[in-house]
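Student: I would like a close look at one part of this model, namely its salt bridges and their surroundings. Please connect that part to the rest of the chain in one continuous answer.

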Amino acid sequence: METQLKDLHPTQGQQQPKPELSESMHYEGSTKDDRPFLKPESSSIPISNESSEELEKKFAAFVRHDAYGPMGRGELSLEEKVLLAIAWLILVPIRVVFAISLLILYYVICRICTLFSAPNRDDGEQEDYAHMGGWRRAVVVQCGKFISRIMLFVFGFYWINETFRIPDNDYKSSAALNEGKDVCEEPERPGAIISNHVSYIDILYHMSLFFPSFVAKRSVAKLPLVGLISKCLGCVYVQRETKSSDFKGVSVAVTERVKEAHQDKSAPIMMLFPEGTTTNGDFLLPFKTGAFLAKAPVLPVILRYPFQRFSPAWDSISGVRHVIFLLSQFVNHLEVIRLPIYYPSQQEKDDPKLYANNVRRLMASEGNLIYSDIGLPEKRIYLSALNGLLSQR
C-alpha cells in the first residue's frame, strides 16, 4: 500500500495540520504547504546597502540568535565577559588538552590496526580502511564510538536527549507494505543515514552511535591525525570547486556505497547531510538527491541544539571563534529525534527528487523545522554582506 497525498488547505483560525508525505507531488510541485517558506534570492541583487534586519529576513536560515551576536562578534554583557574569562583561564585549557589527547589516542589505535593492511582503493583519489575485517575493524569501530562519546562529554555535551519517534501508524504500515513485509518483521538495513546539518558536532554524535562513512573534502584525507581517521571511517572525498566529471564520479561512488551498505551488513553505512551546508538549526534546506539515487531505504535523524548563551550551530561564524566559544560553555545541549527507517515506494524509487522531497517533508514535520529554499550560494552572499556591515562599525 503506497502512501497517499492529502492536499493541505488550512482554514483561517484553525490549527494547521502537519504536512503529509506525497507520492504524486514532485520536488518543484505546486501543492500548497502549511509551513513557512523562504525563497531563494538572486545572487545578482545588490545587498551592500541593506541593513542587518533586511539581511536577517532574506537569509534567516543562517542568522544567529544567541547572546554573542552576528558572527560571534556582538557586544557582550559584563556577566558574559566574566564567565568567558573564567572559562578561558580554567575550562578551555583542560578541554583542549583532553580533546587533543583523545584525538592522538584514537590515531594511534587506527595506525596500529592498519599496519600491514592495504587500503581499499576505488580510484586514484578514493581509498579507505573501512572494509577491513576481523578484529582490526572491530577495534577501530568500537574504540571510535567510545572515544567520540567521550569527546562529546569533553565538549560539554554531558547528556544527550534521544527520542525514537513513530510519526503515525499509517506511515509505519505503508512503509513496510511498500516492501511486501509484515510490520512485525525485522526491518532491512538502511543504505544511508539522513540528517539535518547544524554543526561539526553532528559528526561526533553520529560517530558515537553509528560510526558511519561521510562525504568529506578531499583535503581532509591529507590532514595530520584526522586524515587516517577519515580513511578508517571510509569517507568519500570530494572537491567542491572541480570539474563536473569528477562530481559525477563521486556521485557514482556514493550511490554504490549506499547500495553496498543496504545489501551487506558488514559494510560501513553512509552518513549524508543532503542540505549540503549547515544552518542555525531552525530551518531545513532543499535536499540534494545523491543519497536517494540508490533507491535504498534511509534512516532519518533530526538534531537540535537548545541553548541559553551560545548556539552550537556552525552557521555564520568562523571555525576558530566557534570552537573557542563552544569550549567556553559550561554545559551544552543536544536533542536527537530518530525516525523509523523510510522505505521508498516504487514511485519514489523511480523519482529521486520525489523521494528526497518526501523524506524532507517528514523530517520538517517531526522536527518542527521551517522550510527554506536558499542554500550554500546564498550563505556565501550573506557572509560576505555581513562581513561588510560589521567592518563598517
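Tutor: The answer starts with the salt bridges and then moves outward to the strands, the cores and the chain as a whole.

This is a predicted model, and the count of salt bridges in it comes to seven. The part to look at closely is a network of these bridges that links R64, D66 and D315. One bridge in it joins the side chains of R64 and D66, with 2.8 Å from N to O. Another joins the side chains of D315 and R64, with 2.7 Å from N to O. The D315 and R64 pair connects distant parts of the chain, since the two residues are 251 residues apart. R64 sits in the loop between α1 (52-58) and α2 (78-113), while D315 sits in the loop between β9 (298-304) and α8 (319-327). As for exposure, R64 and D66 are both buried, and D315 is buried along with R64.

S311 adds a further residue to this picture. Like D315, S311 lies in the loop between β9 and α8. Leaving out residues up to four places away in sequence, S311 touches R64, D66 and H322. Two of these contacts, R64 and D66, are members of the salt-bridge network. S311 counts as buried because its relative accessibility is 5%, and the cut-off for buried is under 20%.

Another salt bridge offers a contrast in exposure. The side chains of E75 and K81 meet at 3.5 Å, N to O. E75 has a relative accessibility of 69% and therefore counts as exposed, the cut-off being over 50%. K81, at 42%, counts as partly exposed. So the E75 and K81 bridge has one exposed partner and one partly exposed partner, whereas R64, D66 and D315 are buried.

K81 lies within the span of helix α2, given as 78-113. Most of that span is also covered by a database annotation: the unreviewed UniProt entry lists residues 82-109 as "transmembrane region". In the model, residues 82-109 are 100% helix and 0% strand. The C-alpha atoms at the two ends of this stretch are 40 Å apart.

Helix α2 also leads into the nonpolar interior. The largest nonpolar core has 57 residues, and α2 gives the largest share of it, eight residues. Other elements that give two or more residues to this core include α3 (134-154), α5 (201-209) and α6 (226-233). β9 and α8, which flank the loop that holds D315, are also among the contributors, as is β10 (334-338). The residues with the most contacts inside the core are Y106, F155, F157, I201 and L334. Beyond its neighbours within four places in sequence, Y106 touches V140, C143, G144, I147, F211 and I229. A second, separate core has 29 residues, including F292, L339, V359 and Y371.

The strand pairing around β9 can be followed in the same way. β9 and β10 pair in the antiparallel sense, over four bridges. Within this pairing, V301 has R338 in β10 as its bridge partner. β10 also pairs with β3 (residues 160-164), where the strands run parallel and five bridges join them. In that pairing T163 stands opposite I337. β10 is thus joined to β9 in one sense and to β3 in the other.

On the other side of β9, the loop between β8 (283-284) and β9 holds L293. L293 is partly exposed because its relative accessible area is 33%. Apart from neighbours within four places in sequence, L293 is in contact with S251, T255 and P352. L293 and K259 are 34 residues apart in sequence, and their C-alpha atoms are 9.4 Å apart in space.

These details can be set against values for the full chain. The chain contains 11 helices and 11 strands. It has 393 residues, of which 50% count as buried. Among contacts between residues at least 6 apart in sequence, 74% join residues at least 24 apart. The D315 and R64 bridge, with its 251-residue separation, is one link between distant parts of the chain. The chain exposes about 19,300 Å², and carbon and sulfur atoms supply 57% of that area.

Note on methods. Residues numbered from 1 in each chain as written. Predicted model: local features only at pLDDT ≥ 70, side-chain atom pairs only at ≥ 80, totals over all residues. Heavy atoms only, no water. Salt bridge = Lys/Arg side-chain N within 4 Å of Asp/Glu carboxyl O. Buried < 20%, exposed > 50% of the residue type's maximum accessible area, 1.4 Å probe, protein only. UniProt positions renumbered as here; feature names shortened; annotations may be inferred. Core = buried A, V, L, I, M, F, W, Y, C linked by side-chain atoms within 4.5 Å. Contact = heavy atoms within 4.5 Å. Areas by Shrake-Rupley, 256 points an atom, 1.4 Å probe, with all protein chains shown as cover. Pairing = 2+ DSSP bridges.
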